[in-house]
Amino acid sequence: MSAGGATATTATRRRPLPPLTEAHEELRLRIRAWVAAELTPHVEAWEQAGSFPDDVIRRCGAAGWLGLKFPVEDGGADDPVGAVVFAEELARCGSGGLAAGIGAHAGIALPPIARFGTPEQRERYLRPGIRGELIAALGITEPDAGSDVASIRTHARRVEGGWVLNGAKLYITNGMRADVIVTAVRSTAAGGHHGISFLLVERGAGVTSAPLRKLGWHASDTALITFDDVAVPEGNLLGPEHEGFRLIMENFAWERVMMAIGAVAAAELALERTCAVVAGAGGAGQETRHALAEAGLLVEQGRALTYHALRLHLAGGDAVAAVTAAKLATQRAAFEVADACLAAIGPDPALERAVRDLRLGPIGGGTDEIMRELLGRTLGL
Ligand SMILES: Cc1cc2nc3c(=O)[nH]c(=O)nc-3n(C[C@H](O)[C@H](O)[C@H](O)COP(=O)(O)OP(=O)(O)OC[C@H]3O[C@@H](n4cnc5c(N)ncnc54)[C@H](O)[C@@H]3O)c2cc1C
């Protein structure tokens, strides 16, 4: 069996669940074959190496996967649902870290440039990013500002022709390799939600990255990035000055939908692998069968909530409650599915990796506690 699971190379055509269409299921087959040929065979080596080659991002770009969500005029396909299919199939490579590295570039760092970027910024960063020739990271979290993003301290001082940047960003995915860091900075002396801006910071003088060790996501590089008197030109302000909090909030919606999509797909892969092993061994006792049945229920509940949130999000308007519920429901659940699978057939290296990788879900993109706070607010609490 491959590291990616029992069905990594044997895709069967699914009936499309809205908002997916027949065309998306065709796309799924193409992406699944590509992932099985280009990524899955190398997962073990990249996990061991603690990183994957930059060329992987270039090849994703050349295949057309990085631009699925973005406008045609920027080199994309204007098909956000296609980007969802890519995220689902990417999860089937069996390495959360590899999926995270590619996903951080295309799913959380490039979208704000597409949404708020000037024509010059789109030309310089978005188009090469979609081709996979430039790698982007999103830098929001700091050593003393995680859940409470309003307390960020990385500071941009206005100077003639731009800004001078000082501070640090922690746990930044692609933080070692990124050519450009979409960076949240404090741009006024006032604290709180106002006075946050975004700067497109190119790697150069004053930007240093230090790698961080993690429980999972071994193939993904995660870094502490330090900015020491970094000169950022005027033209690299992304979106309105001092209004960056809105950018953070808008970006969170898509990031959380994509995290839910990835968690459900990774949990489903773990369950498929486990059921194949159990079936191959001639079946299992009732306790194991019931545990796996419950795991299957978690996968289907997660998918239903996530597709619901996706439909609302794509329709526009306020999807906060649905997106928050999908993120909260899927992350711990995916970890529990992988854990139940490991208990059923372990020891198993692919499932051990899935358990390690999926532990990040209840932390990244807003912790479970923060999701509960947000959901409570939608109930008027
Ligand atoms: C592998 C990895 C990759 C990451 N990639 C990126 C990236 O690319 N870019 C980026 O900007 N960030 C990234 N992050 C950071 C991630 O978004 C943060 O870790 C997350 O937002 C939580 O922040 P924190 O770690 O500072 O924890 P804290 O905010 O310090 O929280 C610690 C604990 O306190 C709880 N808590 C905090 N506030 C409240 C509250 N008000 N009510 C109840 N409980 C609360 C939290 O839920 C948590 O359990 C990454 C993190 C990891 C681990």
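Helices here, of at least four residues, and strands, of at least two, are DSSP runs numbered from the N terminus, and with that in mind you can select the loop between helix 9 (320-345) and helix 10 (349-358), where Pro 347 has its place. Keep in mind throughout that this is a predicted model. In that loop, look at the link between Gly 346 and Pro 347, which is a cis peptide bond with omega at about 0 degrees.

Next, go to the beginning of the chain and select Pro 18 together with Pro 19, whose shared peptide bond is also cis, with omega near 15 degrees. Pro 19 belongs to the segment that comes before helix 1 (22-38).

Now colour the chain by its domains, which are domain 1 (22-135), domain 2 (137-244) and domain 3 (245-378). If you show domain 1 and domain 3 together, you will find their C-alpha centres 21 Å apart, and the contact draws 23 residues from domain 1 and 20 residues from domain 3. Between them, domain 1 and domain 3 bury about 1,800 Å², and 60% of this is on carbon and sulfur atoms.

From there, move to the ligand and ask between which domains it lies. Domain 2 (137-244) and domain 3 (245-378) both give residues to the shell around the ligand, and so the ligand lies between these two domains.

Display the 17 residues around the ligand, of which Thr 141, Ser 147, Tyr 171, Thr 367 and Glu 369 come nearest. Starting with Thr 141, you can find a polar side-chain atom 2.7 Å from a nitrogen atom of the ligand. When you turn to Ser 147, a polar side-chain atom lies 2.6 Å from an oxygen atom of the ligand, and Glu 369 likewise places a polar side-chain atom 2.6 Å from a ligand oxygen atom. On its own the ligand has 970 Å² of accessible area, and the protein covers 64% of that.

To see which elements build this shell, select strand 1 (136-139), strand 3 (162-173) and helix 11 (368-378), the elements that each give two or more residues to it. The largest share, 3 residues, comes from strand 3. If you then colour the shell by residue type, its members divide into 8 nonpolar, 7 polar and 2 charged.

Finish on Tyr 171, which is found in strand 3 and is one of the residues that come nearest to the ligand. Its backbone deserves a look as well: phi of Tyr 171 is near 60 degrees, a positive value in a residue other than glycine.

Note on methods. Residues are numbered from 1 along each chain as its sequence is written. This is a predicted model: local features need pLDDT of at least 70, side-chain atom pairs count only at pLDDT 80 or more; totals for chains, interfaces and linings use all residues. Side-chain values use heavy atoms; hydrogens and water are left out. A residue is near a molecule or strand if one of its heavy atoms lies within 4 Å of it. A polar contact is a pair of N or O atoms within 3.5 Å; within protein, one must be able to donate a hydrogen and the other to accept it, and residues adjacent in sequence count only if both atoms are side-chain atoms. Accessible areas come from the Shrake-Rupley method with a 1.4 Å probe; for residues, only the protein chains shown count as cover. Ala, Val, Leu, Ile, Met, Phe, Trp, Tyr, Cys and Pro count as nonpolar, Asp, Glu, Lys and Arg as charged, and the others, Gly among them, as polar. Domain bounds come from an automatic or database domain assignment. Contact means heavy atoms within 4.5 Å. Buried area is the accessible area (1.4 Å probe) that two parts lose on being put together, summed over both.
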